[in-house]
Amino acid sequence: MIPVNADRFLADLHHLRSIGAAGVGKGVVRPAYTEADIEARKWLAEQMRAAGLTPHFDPVGNLFGLTEGPSLLMGSHSDSQPEGGWLDGALGVIAALEVARASREAGGPPISVVSFEDEEGRFGVTTGSAIWSGNLALDKADTLSDHGGLTFAEARTAFADLAGDFVDPSRFTGFVEMHIEQGPTLDTSGEQIGVVTDIVGIRDMRITMEGQQNHAGTTPIHLRKDAFQALSAFSTAINDRFRNVVTPSTVWTIGHVSLHPNASSIVPGKVTFSMQWRDGEIDRLGRMEQIIRDTAEEIAKARGMTLSYGPMLGLDPVKMDETLRAALSKGAETVAPGNWRNMPSGALHDATNVSKLMPVAMLFVPSINGISHDFAEDTAEVDLVAGLKVLAHAAAQQ
């Protein structure tokens with residue numbers, strides 16, 4: 001095994017948490033391209049340089065710590081949700097940094113590190129790795145905007161003075177990403193490590209329904225073209241119509257709603273909302289999309305409203321590479337004998353995009369109470385260190 005330094009790893013992880021620290025507990029607010037995100041990436045670049053790696057920003061803010069010649073790539077992302085936890089993404093970056101640093105110190109195999117930008121989807125779906133992998137064209141990404149109307153093209157100018165070319169993926173032999181589970185499986189079972197078998201697919205788009213803004217006191221109910229009531233009817237209908245299509249592991253979410261004009265005494269005339277769905281089967285994702293579109297059109301027509309869609313974003317399900325997965329399994333059995341499992345990932349990760357370019361694998365550690373995307377997100381330090389050691393075991397086998 002590569003002799004990692006657990007204390008150094010934890011110290012770096014806690015320092016990264018301090019950049020954008022917010023809320024209660026160990027909360028972090030570090031969305032892509034914000035001041036905190038930029039500060040964190042500059043700090044990471046310094047740590048990479050100190051570890052003997054060459055830091056390199058690409059045109060969209062993806063940060064690589066490159067070693068010489070062909071190498072295994074490890075990492076994740078360091079941006080956060082608008083109200084995020086301290087480990088989501090950050091754990092994988094700092095663990096990769098420690099394994100790469102320790103490997104160089106011990107004369108072990110060459111390892112490079114990456115922190116992808118906008119994994120959390122301020123502008124799209126795993127935007128930085130999607131662009132790097134070729135899943136999303138840069139000119140198309142530049143037209144995407146966040147909920148406040150800022151375009152991706154405008155946001156990425158934050159790295160204009162630092163950015164070089166895109167890194168050639170052929171220099172990497174594979175990619176391994178360590179992450180918190182972000183679900184309750186390992187925490188409930190008491191197991192310490194999860195070796196990922198596959199990652200679900202995702203589809204994400206915005207839907208807009210526009211009716212007629214009007215006076216809330218004088219407009220009869222039967223004459224209203226109420227955008228919120230249309231959204232409510234859509235949500236109810238979707239839950240019913242998915243019933244015979246989905247499996248117990250299928251999920252769908254309306255997570256962001258913008259109602260106009262959003263005033264107490266006005267019948268809302270327009271609503272724009274996010275519609276996201278995830279499943280392990282491509283065909284089912286397609287069937288769900290058709291149900292969504294048919295239902296939206298039916299409701300809009302019945303209520304005399306216009307309907308429009310934003311860009312369809314998404315990634316297909318991905319299976320992990322058997323060789324890299326076997327290396328993680330061997331490491332898991334060494335570090336946590338009999339106390340680990342093979343498991344799918346219901347969350348989306350940068351590894352999905354990177355799989356288009358090279359073999360990929362993923363490793364999970366428990367999330368306390370299954371909580372993530374919340375200030376309360378946490379993992380016991382003993383489990384964080386166990387995951388680091390499994391990662392080091394797998395890297396040593398390359």
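## Strand pairing, nonpolar cores and a pocket

Strand β3 (residues 71-77) and strand β5 run parallel and are joined by four bridges, where strands are DSSP runs of E with at least two residues, helices are runs of H or I with at least four residues, and both are numbered from the N terminus; two strands pair if DSSP finds at least two bridges between them. The model is a predicted one, in which local features need pLDDT of at least 70 and side-chain atom pairs count only at pLDDT 80 or more, while totals for chains, interfaces and linings use all residues. Residues are numbered from 1 along each chain as its sequence is written, and side-chain values use heavy atoms, with hydrogens and water left out.

On its other listed pairing, β5 joins strand β17 (residues 360-365) in the parallel sense over six bridges. The table gives one residue pair for each of these two pairings.

| Strand paired with β5 | Bridges | Residues opposite each other |
|---|---|---|
| β3 (residues 71-77) | four | Leu72 and Gly174 |
| β17 (residues 360-365) | six | Ala361 and Val176 |

Because eight of the nine residues of β5 (residues 172-180) are buried, this strand is largely enclosed by the rest of the structure; buried means under 20% relative accessible area, exposed over 50%, and partly exposed in between, with a 1.4 Å probe and protein chains only.

The largest nonpolar core has 95 residues, and Phe9, Val99 and Ile193 have the most contacts inside it; such a core is a set of buried Ala, Val, Leu, Ile, Met, Phe, Trp, Tyr and Cys residues joined through side-chain atoms within 4.5 Å. Helix α3 (residues 90-106) supplies the largest share of this core, 10 residues. A second, separate core of 24 residues includes Ile207, Met288, Ala296 and Ala300. Leaving aside neighbours within four places in sequence, Ile193 is in contact with residues including Leu186, Trp340, Leu363, Phe364 and Val390, contact meaning heavy atoms within 4.5 Å.

Thr127 lies in helix α4 (residues 127-133) and counts as buried, because its relative accessibility is 0%. Not counting residues up to four places away in sequence, Thr127 touches Glu117, Asp118, Leu136 and Phe152.

Leu136 also belongs to the lining of the second largest pocket, together with Gly124, Val125, Ala130, Asn135, Lys140, Met312, Leu313, Gly314 and Leu315. Strand β14 (residues 313-315) contributes the largest share of that lining, three residues.

Definitions and conventions
On a 1 Å grid over the protein atoms alone, a cavity is a set of points where a 1.4 Å probe fits but cannot get out, and a pocket is an open set with protein on both sides within 12 Å along at least five of seven lines; lining residues have an atom within 4 Å of a point.
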